[in-house]
Amino acid sequence: MNDVRLAKYARVLLEVGVNLQKGQILVLQASTDALKLAREVTKIAFEMGAKDVILHLEDPEVEHLRAKNCDVETLRDVPEWKKESLDYYLRQDSVQMGLMCSYPTLNNDVPSEKLLAKGYSSNEVRNVVRKHIHAGTLKWTGTACASMDWAKTLYPELSDEDAFLKLEDDICKMMRVDDETDPVENWKQHCNEMHEVSTKLNDYNFKSLHITSELGTDITMDLVKGHIWTSAADMGDSLVSEPYVANMPTEEIFTDPDYRSVNGIAYASFPLMMSGKLVTDFSITFKDGKAVDCHASNNEELLRDALFKNEGTRRLGEVALVSKKSPIKQMDRVFYNGLIDENAACHLAFGQSFSSNIKGGAKMSEEELLANGVNVATSHNDFMIGTLDTKVVGTTYDGQEVVIMEHGDFVI
């Protein structure tokens, strides 16, 4: 990434993503492959008046060596100081940013039980951040950064250098970052366009949804009463006063399903990276709100472990609508990265719901959320179901059926 784009990328993450205010602390979590961007983000954050920048850095090669050589118990262990160090800053006037890279092949030589153990410990650390997110008190964003392993997997026909540059260029396009235009203004326009669609969905106040696709997806669900459809820079019912964009890039409009009402089968339209390996060609069957079965062509055990971990992980926590006109979908490529792929297709998530997607949710206890049909869980796993022929029909409380999406695009 050239210096012009690097500076623009860092600035849009700070000004639009976390909307950093003078005197706030930036908690920055990054891979060593994102170190150049992390340094630029730090530089601009201090120029904007940040009180401090706290960097939590992780090296994928070191973690790969740990996964190969440590036993399962050691890999599962998360020292309290590691969680407390993160929580200490998040309890203050802070914002959080993640600079995330993908490594599709790095852990191919690591046994699944060790990857599951590492996934458990990573999720424990992530739950420290989730606690503040779901309390509605944290401005946060996550974005994608290129790695060589990822680039070589996506573009095997190119040289290593050209593959890396191609991936950086694709990520910049998703992020609306180029050499000529102002990405902050680009994102303001994008947020306004997304807001228009979420406003229409909220005006309908749908009771339920029915989603189908040519892959065989046929699933119904009620939406929680008082649900809120949110999108880029829409915060829902949050305690945070300034707008922010949680995922960059983002093309989704999402809300909370009533976890008690989900029935049917959902077929994945994209492979899913779980615990460092790809789960492919999978489906999940729900009955009376709970997942009762799943199947996959590869690494089914990783999907089963995440899905059937406990009662909370068996239930749906999110339904998100994404048009096939998404610029990421238009690239016509699977990126093997959850943040990016989920913005190329409609998706569901099993596990934790968002309290900000129900009116008054940020002030509800876990018991109150559950009583209102909002799922509470220890993890959140998105999986893509959208195709070129996805159809979504909403039913209002007076029985009116409204086609929301047809042939993979919004028609409302």
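Here is a short chat about how some labels in this structure are decided.

Me: What should I know before we start?
Reply: This is a predicted model, in which local features need pLDDT of at least 70 and side-chain atom pairs count only at pLDDT 80 or more, while totals for chains, interfaces and linings use all residues. Residues are numbered from 1 along each chain as its sequence is written, and side-chain values use heavy atoms, with hydrogens and water left out.

Me: Why is Cys-172 called buried?
Reply: Buried means under 20% relative accessible area, exposed means over 50%, and partly exposed is in between (1.4 Å probe, protein chains only). Cys-172 has a relative accessible area of 1%, so it is buried.

Me: And what makes Cys-70 partly exposed?
Reply: Its relative accessible area is 21%, and partly exposed is the label between 20% and 50%.

Me: How do you know that Cys-172 has no bond to Cys-145?
Reply: A disulfide is a pair of cysteine sulfur atoms within 2.5 Å. The sulfur of Cys-145 is the closest cysteine sulfur to that of Cys-172, but it is 10 Å away, so that is too far for a bond. A search of the whole structure finds zero disulfides.

Me: How do you know that the length of helix H8 agrees with its number of residues?
Reply: Helices (H or I, at least four residues) and strands (E, at least two) are DSSP runs, numbered from the N terminus. The expected span is 1.5 Å times one less than the number of residues. For the 15 residues of H8 (residues 160-174) that gives 21 Å, and the end C-alpha atoms are 21 Å apart, so the two agree. Among the buried residues of H8 are Leu-167, Ile-171 and Cys-172.

Me: Which residues of helix H5 are buried?
Reply: In H5 (residues 80-90) they are Lys-83, Leu-86, Asp-87 and Leu-90. They cover an arc of only 95° around the axis, so they sit on the same side of H5. The arc is that of the directions from the helix axis to the C-beta atoms.

Me: Why do Phe-350 and Phe-383 count as a tilted pair?
Reply: Rings of Phe, Tyr and Trp (its six-membered ring) pair if their centres lie within 6.5 Å; planes under 30 degrees apart are stacked, over 60 edge-to-face, and the rest tilted. Here the centres are 6.0 Å apart and the planes make 45°, which fits tilted. Phe-350 lies in strand E15 and Phe-383 in strand E16, 33 residues apart. Both are buried.
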